[in-house]
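Thanks for coming. I have one structure to go through, and I will keep to what can be read from the coordinates.

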Amino acid sequence: MCKGFIFSLMIAGMLVGCSSQPEAVSTSYLLPPSAQSVNVQEANMQQFVTRGKHQPLLVVRPVEMAEHLSGTGLVYQMSETEVVQAQQNLWAESISRQLTRRINKDLRYKQSRYWSTELTPALTVSDSPRLQVKLSQFNGHYTGMAKLAGEWLLLDSDGELKGVYPFAFQVPLDQEGYDAQVKALSEGVDRLTTQIAQRLSINAL
């Protein structure tokens with residue numbers, strides 16, 4: 001009985017010790033807006049919105065992420081073969097939804113041939129061209145870079161494929177940490193939407 005009592009005290013002490021450990025604190029991140037959209041003056045906003053009433057629609061379909069990028073944690077590539085997903089550094093919202101919204105907004109500011117809009121159940125898209133972005137890389141990298149890679153596709157109003165455009169961008173992190181990684185990834189998205197906007201400006205669908 002004495003041994004059992006001592007064992008019970010030991011277990012109780014271990015539980016107290018465990019309960020006194022600090023809880024892991026998670027941090028959530030949102031992709032910041034592009035500098036160009038931030039710089040739009042309030043005085044020009046009405047003119048900007050009016051412009052959309054006279055342009056053909058371009059439907060931005062939900063961004064497709066490679067499976068290892070589609071979780072809630074930010075992704076970091078530690079070597080040629082090892083990829084980890086953060087447990088306490090998380091996307092505040094689905095990264096696919098954040099990217100879709102960001103691409104849609106960027107294209108409204110960066111080109112004037114089309115009025116981009118996100119795909120919604122209420123939207124009829126049978127007669128509208130479509131943009132599909134697919135990402136195979138969207139992560140930090142052991143070389144000190146943030147890397148984005150994949151391809152984007154343009155389809156005309158009949159659903160016919162008009163072009164497939166691979167892309168690969170790498171942006172150096174200005175310091176260590178996930179906050180710097182998010183900012184570098186955001187700059188990579190800015191480069192991607194600039195590339196798409198330039199193509200849309202010269203090619204009609």
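How many aromatic pairs does the structure hold? It holds three. Before I go into them, note that this is a predicted model.

I will take two of the pairs in turn. A pair of aromatic rings is described by the distance of the centres and the angle of the planes. For Trp-152 and Tyr-165, the ring centres are 4.2 Å apart and the planes meet at 25°, so this pair is stacked. Trp-152 sits in strand S8, residues 145–155, and Tyr-165 in strand S9, residues 161–172, so the pair ties together parts 13 residues apart in sequence. Both Trp-152 and Tyr-165 are buried. The other pair I want to show is Phe-167 with Phe-169: centres 5.9 Å apart, planes again at 25°, so that pair is stacked as well. Phe-167 has a relative accessibility of 6% and counts as buried. Phe-169, at 15%, also counts as buried.

Now the strands around those rings. S8 and S9 pair in the antiparallel sense, over eleven bridges. Within that pairing, Glu-151 stands opposite Pro-166 of S9. The two strands, S8 and S9, form a hairpin with five residues between them, and Gly-159 in the turn has a positive phi of about 85°.

On the other side of the pairing list, S8 is joined to S7 by eleven bridges, also antiparallel. There, Trp-152 of S8 is the bridge partner of Val-133. S7 and S8 form a hairpin too, with three residues between them; the turn contains Gly-144, whose positive phi is about 90°. S8 is mostly covered, with nine of its eleven residues buried.

S7 also pairs with S2. What is the sense of that pairing? S2 and strand S7, residues 130–141, run parallel and are joined by two bridges. Val-60 stands opposite Leu-131 in S7. S2, residues 57–60, is joined to strand S6, residues 115–118, by four bridges, and these two strands run parallel as well. Val-60 appears here again: its bridge partner in S6 is Glu-118.

Next, the helices. Helix H4 covers residues 95–110 and contains Asp-106. H4 has 16 residues and reaches 22 Å from its first C-alpha to its last, close to the 22 Å expected at 1.5 Å a residue. Is H4 mostly covered or mostly exposed? H4 is mostly covered: twelve of its 16 residues are buried. Among them are Arg-102, Asn-104, Asp-106 and Lys-110, alongside residues such as Ile-95, Leu-99 and Leu-107.

Asp-106 deserves a closer look. Its relative accessibility is 1%, under the 20% cut-off, so Asp-106 counts as buried. Which residues does Asp-106 touch, leaving out those up to four places away in sequence? They are Ser-34, Val-189, Asp-190 and Thr-193.

One of those contacts, Asp-190, lies in helix H5, residues 178–202. Asp-190 is partly exposed, with a relative accessible area of 26%. With the same exclusion of residues up to four places away, Asp-190 touches Ser-34, Arg-102, Asp-106 and Lys-110. The C-alpha atoms of Asp-190 and Ala-35 are separated by 8.6 Å, although the two are 155 residues apart along the chain.

Stepping back to the whole chain. The protein has five helices and nine strands. From the N terminus, the order is α-β-α-α-β-β-β-β-α-β-β-β-β-α. Of its 205 residues, 38% count as buried. Among contacts with a separation of 6 or more, 68% are between residues 24 or more positions apart. The protein exposes about 12,000 Å², of which carbon and sulfur atoms supply 54%.

Last, confidence. The mean pLDDT of the protein is 86, and 79% of its residues reach 70 or more. Where does pLDDT stay under 50? That is over residues 1–19, for which the model has zero contacts beyond four places in sequence. Where pLDDT is low, the predicted coordinates should not be read in detail.

That is all I have.

Conventions
Residues numbered from 1 in each chain as written. Predicted model: local features only at pLDDT ≥ 70, side-chain atom pairs only at ≥ 80, totals over all residues. Heavy atoms only, no water. Buried < 20%, exposed > 50% of the residue type's maximum accessible area, 1.4 Å probe, protein only. Contact = heavy atoms within 4.5 Å. Areas by Shrake-Rupley, 256 points an atom, 1.4 Å probe, with all protein chains shown as cover. Phe/Tyr/Trp six-rings, centres within 6.5 Å; stacked < 30°, edge-to-face > 60°. pLDDT = per-residue confidence, 0-100. Pairing = 2+ DSSP bridges. Expected span 1.5 Å × (residues − 1).
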